[in-house]
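Here are some short exercises to work through with the viewer open. Try each task yourself before reading its solution.

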Amino acid sequence: MLSASSIDAGGDAPRVHPVLVSRYRTASAWIGAGVAALGAATLGGWAAGFEHGFLTSGALMKPNAAACFILLGVALLLARGRNRARAASLGLAAAAGALAVATLAEWLSGVDLGIDELLFQDDTLAYTTVPGRIAPNTTLAFAFYAAAILLQQREGRIARWWRALALCGLAIGAVGAAGHLYGVSRLYALAQATGMAMPAAAGLIVLGCGVLVARPEEGPSALLVDDGPGGTIARWLLPSVAVIPLILALPAQVGVRIGLLDQAYASALVTVGLTGVLAAIVVIGARAVEVRDAARRERERENLRLNEQLQRRAWELLVLNRELESFSYSVSHDLRSPLRSIDGFGQALIEDCASSLPPEGHEHVRRIRAATQRMGQLIDDLLQLSRVTRAELHRERVDLTAMARELVAELQRSNPGRVVTVEIGEDLVVNADPRLMRVVIENLLRNAWKFTSRHPSSRIVFGRCQHEGEPAFFVEDDGAGFDMAYAAKLFGAFQRLHGATEFPGTGVGLATVQRIVHRHGGAIWAEGAVELGARFTFTVPPEPEGEESAA
Amino acid sequence: MTEKMILLVEDNPDDEALLLRGFRRGKLANRIDVARDGVEALDYLLGEGERPLPTLVILDLKLPKVDGLEVLRRVRAEGRTRMLPVVILTSSKEEQDLVESYRLGANSYVRKPVDFLQFADAVQTLGLYWLVVNEPPPVVRT
């Protein structure tokens with residue numbers, strides 16, 4: 001059988017790479033821990049009094065911004081957890097959101113709520129005219145991230161906006177970072193002398209990425225975990241496009257600052273470099289996709305070939321089966337005619353030549369006729385076995401209880417002398433072919449009836465049981481039973497565990513029963529012990545969906 | 001009304017002999033004509049000369065040349081033999097044979113038992129019913 005996944009390879013459903021998903025989730029948690037550490041380090045810097053002269057003045061973001069990073073970072077870290085961790089994550093994100101909204105309100109209304117210097121006194125006035133207050137753009141980004149993390153935990157149409165919110169925050173951070181890199185203060189400072197610190201800009205970018213990949217299977221990051229060629233391209237190009245311009249522009253900008261290059265020369269260099277590197281990346285990415293696609297096409301060809309082979313085999317089997325069936329059909333019929341002649345003329349011999357036939361002659365003819373009748377029975381049983389294989393399955397609701405009661409009544413009518421207690425379970429219903437099920441029940445009940453015949457009184461039970469969680473049916477008797485060592489032989493055609501003189505039979509019945517059960521997709525097995533009885537258990541699973549009823 | 005007679009369509013001489021034996025045991029002395037394949041049967045029933053029709057046709061299914069079902073189909077297609085009582089007497093108990101026979105208008109379907117005593121019983125009952133008990137359709141003039 002071809003595996004389902006290899007067949008699906010040609011389908012159009014999005015295929016998510018599970019390993020990548022879990023990697024991105026882990027990355028998101030690490031990012032959360034990282035930005036929280038950034039916030040903590042910043043607060044440490046404030047506590048140590050570095051706010052004035054660590055590297056350059058204003059290299060530290062405001063304490064409240066650091067607090068927001070800690071809150072949102074830990075929220076992101078805990079978002080993967082369950083129950084209490086998740087509740088804590090929501091609480092932290094809500095706290096950061098409240099802080100950001102309050103700060104925004106301060107900016108908009110001009111009212112000082114007294115929250116800016118809760119943690120540390122700010123006398124640096126770096127990037128802000130209002131001591132300790134987070135820059136408005138940074139604040140807005142925090143508000144977006146807080147809302148995004150809160151919405152990520154929910155379902156529904158509004159919740160889907162988390163992606164847009166996270167992307168907006170990311171854009172704010174990126175603009176701020178670009179401003180710092182190129183020394184364009186308007187990009188990071190909206191109000192006069194009020195701006196985003198460089199670490200804050202970097203932190204916002206990293207946090208934005210963390211929020212986006214926290215749920216990698218949806219939103220813009222879904223493409224990154226895609227198993228197809230689109231995912232391959234995205235994984236190659238997105239990081240390259242994000243990082244390479246920075247790597248190229250940064251040294252050029254440094255060159256401009258120290259007077260080594262003029263701006264136009266630097267721009268030209270960056271443009272040429274970008275073009276070359278991006279072209280190389282596109283080529284490499286395209287080749288990676290090409291390699292994957294070639295492998296996929298090869299798989300498809302292989303699948304197609306296997307499919308064809310399978311279909312040919314199936315067809316050959318079908319033809320072979322048909323031939324075999326028509327062979328057994330005509331053989332079974334043609335075998336009966338000579339039997340009729342043997343039996344008929346044997347009887348004629350007795351009737352017409354009775355006087356010239358000695359007593360042992362009569363006995364010989366009796367044996368001949370008994371043998372022909374046994375052979376007739378054999379042929380009938382074989383016919384039924386072959387019919388069971390050929391017949392189409394027509395499944396419907398079958399009341400096995402009613403069927404068994406009817407059959408037992410028939411048995412009791414034809415053997416009025418027998419003392420047999422028969423217990424038949426209530427509501428034994430199955431979805432199966434009624435005529436074939438009748439053959440099963442009749443064979444099992446007749447067997448039970450037959451193999452209890454040497455006991456003065458006996459008990460037969462037909463009921464329902466459980467086998468490995470699936471419903472099963474059983475027919476149990478306390479008759480002659482069998483040696484478990486021979487259990488495997490029970491279901492073979494012509495296999496008998498008892499002599500014909502002991503219990504008559506052809507040995508085809510259980511083979512027929514097994515074939516019917518198998519055709520319904522079920523299983524049958526026997527348990528027993530000599531002189532203690534036998535128990536036959538079988539299952540009839542419901543019809544698998546989409547399966548054709550014909551064999 | 002002429003004598004009631006039977007047309008037996010049977011290719012196996014043993015079966016023919018056993019059937020005649022069965023009739024004798026049942027003291028049925030009617031005349032029995034035998035056709036040994038489908039073509040003979042069709043000649044007998046639908047051929048030139050308008051031979052008087054039998055009261056009953058006993059038809060085997062597995063026959064040389066033209067099989068029993070085809071004989072039945074042609075007999076039912078002809079106005080003169082449309083209502084002629086036809087009993088299928090065969091080895092087969094296959095559902096498709098049963099369905100086809102009745103669909104084509106067989107009046108009865110009997111399976112030949114292996115046991116001669118049962119076989120004899122069956123043909124006696126058959127003969128008795130169709131020749132004695134049953135009221136045959138009026139002769140159709142064409």
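The exercises below concern a predicted model.

**Exercise 1. A nonpolar patch**

Task: Find which residues form a nonpolar patch on the surface, and which helix gives the most to the patch.

Solution:
- Start by selecting F327(A), V331(A), L335(A) and M375(A), which form the patch and together have about 330 Å² of accessible area.
- Next, look at the helices: α10 of chain A, residues 263-352, gives the most, with three residues.
- Now zoom in on F327(A), which sits in helix α10 of chain A. Its relative accessibility is 53%, and exposed means over 50%, so F327(A) counts as exposed.

**Exercise 2. Two helices that cross**

Task: Describe how α13 and α14 of chain A cross, and list the residues that meet.

Solution:
- Two packed helices are described by the angle between their axes and the distance between the axes.
- Take α13 (residues 434-451) and α14 (residues 509-519) of chain A: their axes come within 9 Å and cross at roughly 145°.
- For the hand, the crossing of α13(A) and α14(A) is left-handed.
- Finally, show the side chains. From α13(A) come L436(A), V439(A), V440(A), N443(A), L444(A) and N447(A); they meet G509(A), L510(A), T512(A), V513(A) and I516(A) of α14(A).

**Exercise 3. A residue in a loop**

Task: Where is D227(A) found, and which residues is it in contact with, leaving aside neighbours within four places in sequence?

Solution:
- D227(A) lies in the loop between α8 (198-214) and α9 (229-257) of chain A.
- With 28% relative accessibility, D227(A) counts as partly exposed.
- Beyond those sequence neighbours, D227(A) is in contact with R15(A), H17(A) and R292(A).
- Now pick H17(A): 210 residues separate it from D227(A) along the chain, yet their C-alpha atoms are 5.1 Å apart.

Technical notes:
Residues are numbered from 1 along each chain as its sequence is written. Chains are lettered from A and ligands numbered from 1 in the order in which they are written. This is a predicted model: local features need pLDDT of at least 70, side-chain atom pairs count only at pLDDT 80 or more; totals for chains, interfaces and linings use all residues. Side-chain values use heavy atoms; hydrogens and water are left out. Patches are made of residues with over 30% relative accessible area and no salt bridge: like charges are joined within 9 Å, nonpolar side chains (Val, Leu, Ile, Met, Phe, Trp, Tyr) within 5 Å. Accessible areas come from the Shrake-Rupley method with a 1.4 Å probe; for residues, only the protein chains shown count as cover. A salt bridge is a side-chain nitrogen of Lys or Arg within 4 Å of a carboxyl oxygen of Asp or Glu. Helices (H or I, at least four residues) and strands (E, at least two) are DSSP runs, numbered from the N terminus. Buried means under 20% relative accessible area, exposed over 50%, partly exposed in between (1.4 Å probe, protein chains only). Axes are lines fitted to C-alpha atoms, for helices over the stretch in contact, and angles run from 0 to 180 degrees between N-to-C directions. A crossing is left-handed if the near helix is turned anticlockwise from the far one by less than a right angle, and right-handed if clockwise. Contact means heavy atoms within 4.5 Å.
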